[in-house]
Amino acid sequence: MTVIKVGTSSWADRTLVRSGWYPREANTPAGRLRHYAGRFALVEVDTSYYAVPAPETTQGWVDATGDDFTFNVKAYRLFTGHPTPVATLPADLRPVGGPAQIRRRDLPPTAYDELWWRFRAALDPIAAADRLGAVLLQFPPWLARGDAARRRIAELADRCRPWRVAVELRHGSWFDGRAALETLAFLRDQGLTFCCVDMPQGHPESVPPILHATAELAMVRMHGHSTAWDGGDKEDRFRYAYGDRELRIWSDLLTEFAEQADELHVLFNNCCAGQAQRDAERLTGLLAAGRVPAGRSARQSAGRVSAGRSARH
């Protein structure tokens, strides 16, 4: 039976630490991760998007978790085409002079290759402990579908191999009509995990929540449905609590979707004051509450909504 792991897209953001979700005795970074890992088997590392961590840091994460724990690691933002503050680069790789924010083209090839080497070195302790789930390549909303974009995705994925790679696309052109089938086929041919996203619809960067596996690992990221998606700050954009009915529907959808893959990762990214952790705990409970009786497959027990098309709820 497919392994379903549920977690959140952070364990150390400030609103979570202040929310009271952690007990008072979990008052160090290692203590908080140890507490988190006692409740979930999966976490997404988002700090690696903002800066490449040191190998000593990632080794500390390994030391604070058990053998069955899994880290998905988001790639550094410069790699995926996001404007990047120069101050977040290692000091010896920062361009001298120039703008405060740079993109890939602003780094010499040798510095860019060195940055990738350090990113991989940071992930080595996690991979060596067999706790690396996947590297998440989250592309910006302006990366439109096209040959150049596909070459970019393939090139970045090659830099991550042999580790598993998940791809999150945030431009509607990838999923417009028949383009969706071509996008999924491209990811399948490349051996890449399509990252399905549950998010507000009707916005310029909205993409549909297509439950379709393109590799042995399937992935769903839950952003919520905040009404402040367009105009709010980061907290407002992700300030959302999944309702009981929503989570029951998602439990059925995910149980059926899991039949398409060997492993399914579900990550709540509505990270605002511990809400992601609360929702993840509730979904974990629903998935474990006898929804798949012994001797029956997940597909037999799930609702009749087909995976492989948009999930609607």
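Author: Welcome! Contact here means heavy atoms within 4.5 Å. This is a predicted model, in which local features need pLDDT of at least 70 and side-chain atom pairs pLDDT 80 or more, while totals for chains, interfaces and linings use all residues. Residues are numbered from 1 along each chain as its sequence is written, and side-chain values use heavy atoms, without hydrogens and water.

Reader: Which elements cover the buried residues of α2?

Author: Helix α2 spans residues 29-37 (helices are DSSP runs of H or I, at least four residues; strands of E, at least two). Its buried residues (under 20% relative accessible area, 1.4 Å probe, protein chains only) are Gly 31, Arg 32, Leu 33, His 35 and Tyr 36. The cover over them includes β1 (3-8), α1 (14-19), β2 (42-45), α4 (55-63), β3 (70-74) and α10.

Reader: How are α9 and α10 oriented to each other?

Author: The axes (lines fitted to C-alpha atoms over the stretch in contact) of α9, residues 244-257, and α10, residues 275-288, come within 9 Å. They cross at roughly 55°, on a scale from 0 to 180 degrees between N-to-C directions. Angles from 35 to 65 or from 115 to 145 degrees count as oblique, so α9 and α10 are oblique.

Reader: How many charged residues does the contact of α9 with α10 have?

Author: From α9 come Asp 244, Leu 247, Arg 248, Ser 251, Leu 254 and Thr 255, meeting Asp 279, Arg 282, Leu 283, Leu 286 and Leu 287 in α10. By class, this contact has 5 nonpolar and 2 polar residues, and the charged ones (Asp, Glu, Lys and Arg) number 4.

Reader: What share of the protein's residues count as buried?

Author: The protein has 11 helices and 10 strands. Of its 313 residues, the buried share is 51%.

Note on methods: Buried < 20%, exposed > 50% of the residue type's maximum accessible area, 1.4 Å probe, protein only.
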